[in-house]
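Biologist: I should like to understand how the terms used for a structure are justified. May I put some questions to you while we look at the model together?

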Amino acid sequence: MAEYRKVTHQFSAFVQVSLQNLRGWFSESSTYTAGGRDLRQPEESLHHGYLKVIAFARYSVPMCGIVGYVGHQQALDVITEALRRMEYRGYDSSGLTIVEDGTYATAKAAGKLQHLLDKLDENPESFSGHTGIGHTRWATHGRPTDANAHPHNSFDGTVSIVHNGIIENAGALRAALTEQGISLRSDTDSEVAAHLLALAYNDGPTAGDFKASVLAVLAQLEGAFTILFVHVNHPGEIYAARRNTPLIIGVGQGETFLGSDVAAFIEYTRDAVELGQDTVVHATAEGYSLCDFAGNPVEGKAFTIDWDLAAAEKGGYDSFMMKEINEQPAAVRDTLTGHFVDGRIVLDEQDLTGADMRSFDKVFVVACGSAYHSGLLAKYAIEHWVRIPVEIEVASEFRYRDPVLDKRTLVVAVSQSGETADTLEAVRHAKEQGAKVLAVCNTFGAQIPRESDAVLYTHAGPEIGVASTKAFLAQVAANYIVGLALAQERGTKYPDEVLDIWTELEAIPEKVQQVLACEEQCLAIAKELGAIRTMLFLGRGVGYPVALEGALKLKELAYIHAEGFPAGELKHGPIALIEDDLPVVVVVPSPRGREVLHSKIVSNIQEIRARGAKTIVIAEEGDTAVEPYANWLIRIPQASTIMQPLLATVPLQFLAAEIAQQCGNEDIDKPRNLAKSVTVE
Ligand code: M6R
C-alpha cells in the first residue's frame, strides 16, 4: 500500500511537472537579475487551462556541473573558469550568483557557456564579490531556456541556489508554494529549494538561522540532489548538501571550493575531501565543517588529487578529444602500473578475499555506452582465461530483468565517471541480491566505487571530451587485469601463462603509440568519403565490440547513422543495407590467431565489395590477404587476438572525429544532446 501511495504521489507530481514542461515549449522567458531582483520577469503566456494532453515527459532534470567558491579571490573569476572546465558535464545552459554586502547578482543564459560570458560582459561591475555559486546544466526534458537555467532565486531576493539531481516531490512542493502565493518562474524541480529556504529563514522556528533553515529544507526534499545555497545575510558562507549526486570539497589557503568534481578547482588546490551520503557542508574562507541531515557532525575523507591542471587543459590540441586519443598510451600504461608485483597480479583497494575470488561461479559485467563495449571484451577475456560464465548487460536493463544473482556472483561495474545512474542502480540491485561488486572506475571516490566491495581504478586521468576514448582503452586494460586476477586466484592459468599475457599487455602502450600515426590517413579517408549518410562497422570475435564502439563514436560525434554488426550476421539481414558506395569498416582479426575467423571475414569483405560497398579495412601488419578487397587499408601492429581491440579501436576514434569535422561538427568535445556523466536514469 505504501508503495502504491508513493507511485500515485510520484505520478501526480510527474503530471504536474510535465504540464509545466509543456509550458516551457511555448513560452521562452529570460531572466537576468541584479541585487537579488529580476530585471526581466518571465512572461505568463500560456495558461494551464490550454493544456488538454498529458505529456509523457519527466522532470526538467539537470545533471550538471556545480561549483561554489568562498575566499580571497574574486568569485566571478574562479567560478567562470570552473564552469569552463566543467562544461563537459552539461552545456544546455549555465549561470552563477555572486553574493556580497547584503545583496547578490545572478546571471544565466541558455546555450553554451559563452552566452553567459557575453551577458556578464554587459555588466561586470555587478558581479564583484568573494562568495559565489555556479552551474552548467544538461536537461533531459524541458526546453533549455534562460528561465530554466540555474541559479534559481527565492521570491524575496534573499536566497540563490544551484542544484544537480531530481527533487522527486517537486510537483507537490510547487503546488504548496503556489497556494502560498509564490509564483514559480521556471519549469524546473530545483526552484522550490530557493523558495523553501527563504520561507524557513524568514519565519518560524528556524528564523534567522541559516544552518537550521537549510536542514529544514532538506527534510522536505525527496530524491537525489546536490544543492548549494547562498543567502544575502550571510556573505562569506555557502551551505551545500548532497544525497546520491556528487560533491567534492577543495581546501585552499584562505579559500574553500565546492565542485561536482575536482576539475572545478584543480587550478588552485590538490587537497580535496570526499563526502559520504546525506552530508551537509558549511563552507567559509577559513575552511569547512560537515554534518548529516539531522545536524550531527560527520567526517569527510581527505585525499590528494593526483593529476594537475595541464591534464585538464587542451595542451595545444584543437580539442580535448584529440588530446585524449593521443594520451592513450599513457592511459593504458598508468592503468597497468602497480598491478603486477613479484610475479602476481595485484588489485587496488578491496574487501574481496582470495576465498571470495575462488567462490564465484558466475560473473556479470554491467555498464553503459563505451564502458559496456569494454565489458563485452571482458567477457571474451574472462571466459577464455578463467573458464567461468560471464554475462554482460547494459546497466539500464539489468535490474529490471530480475537477473539471477547470489553471493557466488561477481558483478563487475565499469564506469569512467563512477556516477552513471543506471550503473549505480545496477550495483545497488546486485548488492541487495547478495552479489559481490567490483567497480572499474576512473574517478577517485565516486559513488560507484564507494558502494562497491572492491575497486580497480583506471588511471586515464580526466576525460573531458564527451566521447569516451582514453577511458575506454583504460577500461579494457583494467577488465583484463580483473580477468588475470581471477585466473591467478582460481589457478586456471599457470603463473608463467599469466606472465606471458601480462608481458603482452605491457607492450600495448608502445603499440598504441604506433597506431596514433594513422591520424593523417584517417583525415584523408574522411575527406575522400565526403558527405555520407550512413556507415556500417563489422567485426568478428573481439572485433565485434570494436565495431560497436566505432559505430557509437561516429553516431555521437558526426550525427550519422552507424551500426556495428558481427560480420557473420550480415547474411541474416544487414546485407540488404549494402548499396553502391556505402562505406563499411571491417575490423580484421589476426590471421596468426584465429585463422578460421580471419578467412571468414575475408569472405565477408568480398561479399560486401561485390555489392558496391567501399571498405575501410583495419588489419594487422603483414596481413596481405585483405589487400585486394580494401578501398582503404589502415595498418595496426601485430598483437595477439585478445589484445587487438586495444589497437584496432584507435583508428575508429580518429575516423569518427575527422568525419564529424568534415560534416561540420566543429565542437567534437561537446556533441549535441549529450553530457559526460549521465546521472539520471
Ligand atoms: O561514466 P561512464 O563510463 O559510466 O559512462 C558510460 C557512458 O555514458 C559513456 O561511455 C558514453 O557512452 C560515452 N559518451 C561514449 O563515448
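Modeller: Let us begin with Asp278, which sits in the loop between strand E13 (271–274) and strand E14 (279–284). Please bear in mind that this is a predicted model.

Biologist: Why is Asp278 called partly exposed?

Modeller: Its relative accessibility is 25%. Buried means under 20% and exposed means over 50%, so Asp278, at 25%, counts as partly exposed.

Biologist: What makes the phi of Asp278 worth a remark?

Modeller: Phi of Asp278 is near 50 degrees, a positive value in a residue other than glycine. Asn673 also has a positive phi, near 70 degrees, and is likewise not a glycine.

Biologist: Where is Asn673, and why is it called exposed?

Modeller: Asn673 belongs to the segment after helix H19 (645–662). Its relative accessible area is 61%, and exposed means over 50%, so the term applies.

Biologist: What makes Gly622 exposed?

Modeller: The reasoning is alike: Gly622 has 64% relative accessibility, which is over 50%, so it counts as exposed. Gly622 is placed in the loop between strand E27 (614–620) and strand E28 (632–636). Between Gly622 and Pro637 there are 9.0 Å in space, C-alpha to C-alpha, and they are 15 residues apart in sequence.

Biologist: How do you know that Thr131 is buried?

Modeller: Thr131, found in strand E6 (residues 131–137), has a relative accessible area of 2%. That is under 20%, and therefore Thr131 is buried.

Biologist: Which backbone atom lies 2.9 Å from a polar atom of the side chain of Thr131?

Modeller: It is the backbone nitrogen of Gly236. A polar contact requires N or O atoms within 3.5 Å, so the distance of 2.9 Å meets that cut-off.

Biologist: Why is Ser213 called buried?

Modeller: Ser213 lies in helix H6 (residues 210–218). Its relative accessible area is 0%, under the 20% limit, so Ser213 is buried. A polar atom of the Ser213 side chain is 2.6 Å from the backbone oxygen of Asp209.

Biologist: What makes the bond between His150 and Pro151 a cis peptide bond?

Modeller: Omega is about 0 degrees for the bond that joins His150 and Pro151. Pro151 is in the loop between E6 and strand E7 (152–153).

Biologist: How many disulfides does a search of the whole structure find?

Modeller: The search finds zero. A pair of cysteine sulfur atoms would have to lie within 2.5 Å to be called a disulfide. As for exposure, Cys441 has a relative accessible area of 0%, so it is buried, whereas Cys368, at 23%, is partly exposed.

Biologist: Let us turn to the ligand. Which residues come nearest to the ligand?

Modeller: Ser415, Gln416, Ser417, Thr420 and Glu556 come nearest, of the 15 residues around the ligand.

Biologist: How do you know that Glu556 makes a polar contact with the ligand?

Modeller: An N or O atom in the side chain of Glu556 is 2.4 Å from an oxygen atom of the ligand, within the 3.5 Å cut-off, and therefore the pair is a polar contact. For Lys553, a polar side-chain atom lies 3.1 Å from a ligand oxygen atom. The protein covers 90% of the 410 Å² of accessible area that the ligand has on its own.

Biologist: Why is the ligand said to lie between domain 2 (313–493) and domain 3 (516–681)?

Modeller: Both domains give residues to the shell around the ligand, so the ligand lies between them.

Technical notes:
Residues are numbered from 1 along each chain as its sequence is written. This is a predicted model: local features need pLDDT of at least 70, side-chain atom pairs count only at pLDDT 80 or more; totals for chains, interfaces and linings use all residues. Side-chain values use heavy atoms; hydrogens and water are left out. Buried means under 20% relative accessible area, exposed over 50%, partly exposed in between (1.4 Å probe, protein chains only). A residue is near a molecule or strand if one of its heavy atoms lies within 4 Å of it. A polar contact is a pair of N or O atoms within 3.5 Å; within protein, one must be able to donate a hydrogen and the other to accept it, and residues adjacent in sequence count only if both atoms are side-chain atoms. Accessible areas come from the Shrake-Rupley method with a 1.4 Å probe; for residues, only the protein chains shown count as cover. Domain bounds come from an automatic or database domain assignment. Helices (H or I, at least four residues) and strands (E, at least two) are DSSP runs, numbered from the N terminus.
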